[in-house]
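Colleague: Could you give me a close look at one helix and at whatever it packs against? Feel free to wander from there into the surroundings.

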Amino acid sequence: MKPREMLSAERTSLAEFLHTLTEDDWLAPSLCAGWRVRDVVAHAAVDAVSLGVYLGTALRNPSINKLNDALVERTGHLSNEELLHHFESAVRPGAFGKMAPAALHTDAMVHHQDIRRPLGRPRAIPEDRLVFALDHPDFGAHPKRYTKGLRFMANDVDWAKGNGPHVCGTGEALVLAMAGRPVVLGELEGDGVPTLAARMR
């Protein structure tokens, strides 16, 4: 699949999963500090936000964290069902998805897992999408901060990258590690894990 198709497929998988959530699930904490499941969904619906609204919000909120929080707050009045429809309207790549489909595909995958892991709802990620995410980490998560000088090696798919002390684990765990999610540290092995852990502090 092409990058935009990968992005649509991952967003579609997330939308299908969201349909299975209970009202309590929507309010449960995610792996994103301070964000509930519904906040992550609102954030992941970036292609439902017009470029004008995004830029206007960015001008009023110059830091990326404040911008993200402000965009999430824009959906605070929506019910969970309305928020799901809002997300589904952005499954096909819009302005942002067309500009950076590879990065947003990985962003969608990371946020999918940000929701699933705390809820105890694991999944088998399609191998083609998983390898694509490993090859194209989300630049917005500053992956080089975590990967520089280390060799990341997947033990469930044919993928490895980098030079240096080893960090080994499942492809899903490595995708989350490159996005700075410390929850996966206990699932990783290799002499590079202590360095990675120190970078996440």
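Modeller: The buried residues of α9 pack against three other helices, α1 (3-18), α8 (101-119) and α11 (171-178). Helix α9 itself covers residues 127-135, and its buried members are R129, L130, F132, A133 and L134. "Buried" here is under 20% relative accessible area, while exposed is over 50% and partly exposed is in between, with a 1.4 Å probe and protein chains only. Helices are DSSP runs of H or I with at least four residues, strands are runs of E with at least two, and both are numbered from the N terminus. Contact, by the way, means heavy atoms within 4.5 Å.

Before going on, the ground rules: this is a predicted model, so local features need pLDDT of at least 70 and side-chain atom pairs count only at pLDDT 80 or more, whereas totals for chains, interfaces and linings use all residues. Residues are numbered from 1 along each chain as its sequence is written, and side-chain values use heavy atoms, with hydrogens and water left out.

Now zoom out to the domains. The assignment (bounds come from an automatic or database domain assignment) splits the protein chain into domain 1 (3-119) and domain 2 (127-200). Taken over C-alpha atoms, their centres are 23 Å apart. In terms of contacts, 19 residues of domain 1 touch 17 residues of domain 2. Buried area is the accessible area (1.4 Å probe) that two parts lose on being put together, summed over both. For domain 1 and domain 2 that comes to about 1,500 Å², with 66% of it on carbon and sulfur atoms. On the domain 1 side, M6, T106 and R117 supply 34% of the area buried against domain 2, more than any other three residues.

What about the charges? Side chains of opposite charge can pair when their charged atoms come close. The rule for a salt bridge is a side-chain nitrogen of Lys or Arg within 4 Å of a carboxyl oxygen of Asp or Glu, and it finds 4 of them across the interface of domain 1 and domain 2. R117, already noted for its buried area, forms a salt bridge with E172, at 2.8 Å from N to O. A polar contact is a pair of N or O atoms within 3.5 Å; within protein, one must be able to donate a hydrogen and the other to accept it, and residues adjacent in sequence count only if both atoms are side-chain atoms. Between domain 1 and domain 2, 7 residue pairs are in polar contact, both residues being at pLDDT 80 or more. On the side of domain 1 that touches domain 2, α1 and α8 each supply at least two residues. Helix α8 has the largest share of that side, with 11 residues. Sorted by class, that side holds 10 nonpolar, 5 polar and 4 charged residues; Ala, Val, Leu, Ile, Met, Phe, Trp, Tyr, Cys and Pro count as nonpolar, Asp, Glu, Lys and Arg as charged, and the others, Gly among them, as polar.

Since α8 keeps coming up, here is some of what it holds. H111 sits in α8 and counts as buried because its relative accessibility is 5%. Beyond its neighbours within four places in sequence, H111 is in contact with C32, V40, H43 and R181.

A search of the whole structure gives 7 salt bridges. One pairs D47 with R11, at 2.9 Å from N to O. That pair links distant parts of the chain, 36 residues apart: D47 is in the loop between α3 (37-44) and α4 (51-60), and R11 is in helix α1. D47 counts as buried because its relative accessibility is 12%, and R11 is buried too, with a relative accessible area of 2%.

Another is between E10 and R123, whose closest N and O atoms are 2.6 Å apart. E10 is in helix α1 and R123 in the loop between α8 and α9, so this pair ties together parts 113 residues apart in sequence. Both E10 and R123 are buried.

R181, the contact of H111, forms a salt bridge with D114, at 2.8 Å from N to O. R181 is in the loop between α11 and α12 (193-200) and D114 is in helix α8, 67 residues apart, another link between distant parts of the chain. R181 and D114 are both buried. Finally, back to your helix: salt bridges that share partners join E10, R123 and R129 into one network, and R129 is one of the buried residues of α9.
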